[in-house]
Amino acid sequence: MGQVRQPRRVQAYDGELGAAVARAQGGDETAFAVAYRIVQPGLLGYLRGLVGEDAEDVASDAWLEIARDLGRFQGDGAGFRGWTATIARHRALDHVRRQRVRPRAGGTEQDLLHLPSPHDTHDQVLESLSTERALELVRGLPQDQAEAVLLRVVIGLDGPAAARVLGKRPGAVRTAAHRGLKRLARQLGISGESGEGVTDVAPRALGESK
């Protein structure tokens, strides 16, 4: 299996993001706004894949924590995306746990995280993932595949960084992303050598233990 190719736009912004974060850590509020502008679209897409329509609320909670703990961050632009994704995932887990305690009318945690399973692979799938429909399809993937695809493609993390966010082995994350993209390609009616360019993870709902 190959590797998931990161979106060019993500790679292009990493240098700018790293510089902005460094300035923001020195108290530059404008630089923090730049970092937010670069990171927020991918972070919001990731959260939409996890908590649906509640993504903006969860993202707001995540950014409050990001701003509070910014001085503790050490790393470059790519590292910052991984760090913010980890914080966002923790906030999503908290949100799902609250939903479990106080379920809202019309859905439970299982409804939210285990919609009917969609389908599979590559460049065309990546382009389609910017659409709301595609995010809904991602939410229908087995949870390990959904998170792997969202982290690798929507946020643009590499295998090791995505594995750190999920607390899993890089090989498992690459495999899950590969399988998820193949499923999405089939669901989107994309033919060809689906799944080329991905790699590894094990199925589990958000909130379940490893």
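1. Let's start at a turn: glycine 156, just after H8, has a positive phi of about 90 degrees. Bear in mind that this is a predicted model. As for H8 itself (residues 143-155), 13 of its 13 residues are buried, so the rest of the structure largely encloses this helix.

2. On to the nonpolar core. The largest one has 52 residues, and the members touching the most others are Leu47, Phe80, Leu151 and Leu157. Helices giving two or more residues to this core include H1 (8-25), H2 (29-51), H7 (132-139), H9 (159-166) and H10 (170-187), along with H3, H4 and H8. H2 supplies the largest share, 11 residues. That fits a general pattern: in soluble globular proteins, nonpolar side chains tend to be buried together.

3. Phenylalanine 80 deserves a look of its own. What does phenylalanine 80 contact, once neighbours within four places in sequence are left aside? The list is Leu17, Val21, Ala35, Val39, Ile66, Leu70 and Phe73.

4. Now the rings. The whole structure holds five aromatic pairs. In one of them, phenylalanine 73 meets phenylalanine 80 edge-to-face, at 5.3 Å centre to centre and 80 degrees between the planes. Both of these phenylalanines are buried, with phenylalanine 73 at a relative accessible area of 7%.

5. Phenylalanine 73 also pairs with tryptophan 83: the centres are 5.3 Å apart and the planes sit at 40 degrees, so this pair counts as tilted. Phenylalanine 73 lies in the loop between helix H3 (55-69) and helix H4 (77-101), while tryptophan 83 is in H4, 10 residues apart.

6. One more for the ring list: Phe32, Tyr36 and Trp63 are joined by ring pairs into a cluster.

Key:
Residues are numbered from 1 along each chain as its sequence is written. This is a predicted model: local features need pLDDT of at least 70, side-chain atom pairs count only at pLDDT 80 or more; totals for chains, interfaces and linings use all residues. Side-chain values use heavy atoms; hydrogens and water are left out. Buried means under 20% relative accessible area, exposed over 50%, partly exposed in between (1.4 Å probe, protein chains only). Helices (H or I, at least four residues) and strands (E, at least two) are DSSP runs, numbered from the N terminus. Rings of Phe, Tyr and Trp (its six-membered ring) pair if their centres lie within 6.5 Å; planes under 30 degrees apart count as stacked, over 60 as edge-to-face and the rest as tilted. A nonpolar core is a set of buried Ala, Val, Leu, Ile, Met, Phe, Trp, Tyr and Cys residues joined through side-chain atoms within 4.5 Å. Contact means heavy atoms within 4.5 Å.
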